[in-house]
Amino acid sequence: MIQKKVCLLGTSGVGKTSLIKRFVDQSFSEKYLTTVGVTIEKKTVELDNNSVSLVIWDLAGDDDFQRMQTSYLRGTSGYFLVVDGTRRVTLDQAMELQKRVADQLGSAPFLLLLNKSDLTTQWEIDEARMTGLTNENFTVLKTSARKGAGVEEAFTTLAQRMLA
Amino acid sequence: MRPRIFPGSRKPPPDDLSELRRLIARPEQDGLRELRERLDDKERRAHDVAKVLPEAVKLSADRSEELNRALRPAVEGSIRESIEKRPQAFIDALHPIIGPVVRRSIAESLRTLLQSLNQTLEQSFSWQGLKWRFEAMRTGRSFAEVVMLRSLVYRVEQIFLIHRETSLSLLQVGTNADATQDSDMVAGMLSAIQDFARDSFKTGKDEALEEFRVGELEVWIAPGRLAYLAAAIRGNPPRELRTCLEETIESIHILRGSELASFQGDAAVFASLQPELESCLRAQYQPKKTSGTNHRAWFALAAGAALLVAALIVGAGSEMRWHNFVRRLDSAPGIAVTQADYHWFTRSHVAGLRDPAIADPAALAQAAGINPERLRFEWKDYLALDDPSVLRRFERRFGKPASADLTLANGVLTVSGRVPYEWLSRVREEGKQSPGITSINEKNLTVTYDPALTLNRFRARFPMPSGTHARIDQGTLYLSGVAPYEWLAAVRTGAIKLPGIQRVSEEKLQVTYDPKLALQRFTDRFNLPDTVNARVQNGILVLAGEGPHAWLSRVRRGASTIPGINTIDEHNLTDLDQQTFQQSKSVIESAFVYFLVNKDNFATEGFAALSRLPDEIRRCITAANRLGLETQIEVRGYADAVGTETKNFQLSQRRADAVRDFLVKCGFEPSLFKPMGLGAPAATGAALPNESDRRVGFKVVPKS
């Protein structure tokens, strides 16, 4: 079976770990995320005529206190930029992050996930901004780790992109 | 003969001559032309040199060092330039070579080291040393080698082949693969840890975490350019294992280098490397025996015999331990062993009866030095009724206070020492339900009371009014604040009946009284007459109306002892008996019995008074009795002033006696009356009409 390394990137608290928890119910250990800065989980995605084993690296959130260790990105076949839809600033930070990792990851496919889509009343990212992103050739998906909306789709889409 | 040529001749020679020349010189000319062309054409020249160059170099090298010297600067320069510009190519090229070279060199130095170690150890004559020396002789190894081997016992449990770039697991082999997490996650985490270590300690890019130890497990990492091996090893692995791992990763790079370089996530292609990885799944428990000379066989035999003897000793020892265990098990309370079989190789078997509440055979086995895992128990449950078992069951159920002593004999449980009340009361209630206990003897028992628990009991029995506080210290209940009398009254009688309370202190307690309840208490006690109204106000019992004297005096004496009543206000209350007494007294004292002149016979109008007198006297005496007065009635006889004084005294005495006699005849006690002859009233100084002086009057006086 094909295996692919996948990373989740984004500011602290955008819901990376929650997305993974929603997607896989199998965990290496939550402890490492605080000590080494990464936990690794695994899940097989069934595509139409193929199945891919995703080895998912949950990197500690990137923020002012803790820089993401870019060495963990090595060998990544695809990645998610995770954004908290209720905090517009996390989108800007995700764009910054994308520029930072673009060198290392080259043309690896990635998806931009606007997480916490269930919190519609606190939503801060307007349609115009989303259209702008789409025009910049970003693939944007709304997800909700709490409700599960869009999570499966996000991982499946990325898996398809990596095999294409 | 060389042909002669005349290039400058312009003059055409005769035909035959030129023809001849042409015939003779032509081959020469063609060869010459070809040579010239060859010298002029660079490419052809290079071709020609290339053909002879290897031979030339060989010849030249055979002959002298000249060529080497000539070539050195150029070769050195080109290598240097190549390394500077494309180091990776060199690294790739050298990688398979350098490994073995370095290993060989290390192996060489180790051998030297072993030899010096050998010499050092040869000086030692410890028992261990002798044993190893014996083993070295037997196996044909060097002494030092044996020493090393004996101290290195290990097992490679798992090996992962991990792709360096993607951190994905390519292949995993191992002895207990099930016990490990998913290999991809392990691989990822291993890579992360390596990166973490490298980043944290800022080591060079190519320096890697080579090993780390987790408890008994050591993880060794054999790095390669494109992939690395991670081996999980239990125990102390020898260094030669690292060599094995390094050789393996090298050979993997040689076998599958291109697949590793172009790895896109499909690890299937690496499955064929399993034998390579498995070659490193080594284990070493003890040095292997080697068959050798007769000499060695003898030693092997002797060692075998020694082993057998040792096994027998161990076996005998373990059988002794077994019998010891079975004996102890059988004598343990709550266990009756009916069958016990010792098995040398399988689990030994014990069957019998067991009281599950008491006995713990596994713990007994542990205590006897026998691994409970090696035992197969087969118990039928029963209720043990021997004293130790009963006592143990009792202790399990009720616990045993630290400073209490429990003994059991013939079903009588004797409790002595100090025990908490709660424990004791539970034991009193339920103790006899414990099978095997018929009665409980509380000899020399001191019961202790926990103040908090005692207070809880008190609160449960006497719900605390708001404003009242209670605490318990040394058996005394201290009350403070404000409390209604009725609650307090209940507490006074009830509290000391609660266990743990001997006294009640109310020093700091202010008591409040409900007037209605105080009145109720009053009426309950004194049967309020219909003619009396009563109410209580500010501690004062206000009485109004008329009441009998006896009741009133009881009230006076006792009312203030009623809680909530301090004093009595009886301004509006009339003492009925006093009233009657006074009325009768005045009726009696205003009655006169008149006499005939100079006679002690009653005059006619005297009878009227006399007829009313007995009733009145009766009323008076009754009232007086009720009032607690002892009275006497002075019967005062008078005479008119006619006649002598002496005669008048005598007459008046006779008259008084006559009235007394009359009244005695009416049923009164004679002692009630005090007849007095007072003579003529003039002696008293009063002037009365004559007939009025011939009379007897009355005065009610205290009995003298």
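This note goes through chain B of a predicted model, point by point.

1. **Basis.** The model is predicted: local features need pLDDT of at least 70, side-chain atom pairs count only at pLDDT 80 or more, and totals for chains, interfaces and linings use all residues. Residues are numbered from 1 along each chain as its sequence is written, while chains are lettered from A and ligands numbered from 1 in the order in which they are written.

2. **Overall make-up.** Chain B holds 21 helices and 23 strands. Both are DSSP runs numbered from the N terminus: helices are H or I with at least four residues, strands are E with at least two. Of the 704 residues in chain B, 25% are buried. A residue is buried if 20 or more other C-beta atoms lie within 10 Å of its own, exposed if 12 or fewer, and partly exposed in between; C-beta atoms are placed from the backbone. Take the contacts in chain B with a separation of 6 or more: residues 24 or more positions apart account for 62% of them. Contact requires C-beta atoms, placed from the backbone, within 7 Å.

3. **Contact with chain A.** Chain B contributes 18 residues and chain A contributes 21. The chain B side splits into 7 nonpolar, 5 polar and 6 charged residues. Here Ala, Val, Leu, Ile, Met, Phe, Trp, Tyr, Cys and Pro count as nonpolar, Asp, Glu, Lys and Arg as charged, and the others, Gly among them, as polar.

4. **Helices H1 and H3.** H1(B) covers residues 15-40 and bends by about 50° at Ala25(B); Pro27(B) follows within four residues. The bend is the angle between axes fitted to the seven residues ending at a position and the seven starting there. None of this helix is packed away: the number buried is 0 of 26 residues, so H1(B) lies largely in the open. H3(B), residues 66-85, reaches 30 Å from its first C-alpha to its last, close to the 28 Å expected for its 20 residues. The expected span is 1.5 Å times one less than the number of residues. H3(B) bends by about 40° at Arg72(B), with Pro73(B) following within four residues. Its buried count is 0 of 20, so H3(B) too lies largely in the open.

5. **Helix H8.** H8(B) spans residues 239-261 and bends by about 70° at Leu255(B). It has buried residues, including Leu241(B), Cys244(B), Glu246(B), Ile249(B), His253(B), Arg256(B) and Leu260(B).

6. **Hairpins E3-E4 and E4-E5.** E3(B), residues 211-214, runs antiparallel to E4(B), residues 217-222, with 4 bridges. Strands pair if DSSP finds at least two bridges between them. Arg213(B) has Glu218(B) as its bridge partner. The hairpin leaves 2 residues between the strands, and Gly215(B) in the turn has a positive phi of about 60°. E4(B) is also joined by 6 bridges to E5(B), residues 227-235, again antiparallel. There Trp220(B) partners Ala231(B). This second hairpin has 4 residues between its strands.

7. **Sheet E7-E8-E9.** This is an open, mixed sheet of 3 strands. Its edges are E7(B), 335-341, and E9(B), 375-381. Neighbouring strands are turned by 20° against each other on average, direction ignored. E7(B) and E8(B), residues 348-354, are antiparallel and share 6 bridges. Val337(B) stands opposite Gly352(B).

8. **Sheet E17-E18-E19.** Another open sheet of 3 strands has mixed pairing in this order. E17(B), 532-537, and E19(B), 567-575, are the edges. The twist averages 10° from one strand to the next. E17(B) meets E18(B), residues 540-547, antiparallel through 6 bridges. Arg535(B) pairs with Val542(B). H16(B), residues 515-526, lies across E17 and E18 at about 140° to E17(B). H17(B), residues 549-558, touches E18 and E19, and its direction makes about 170° with that of E19(B). Axes are lines fitted to C-alpha atoms, for helices over the stretch in contact; angles run from 0 to 180 degrees between N-to-C directions.

9. **Gly547.** This residue of chain B is found in strand E18. Why is Gly547(B) buried? Because 25 other C-beta atoms lie within 10 Å. Beyond four places in sequence, Gly547(B) touches residues including Pro529(B), Val532(B), Leu552(B) and Leu573(B). Thr531(B) is another such contact; its C-alpha is 6.4 Å from that of Gly547(B), with 16 residues along the chain separating the two.
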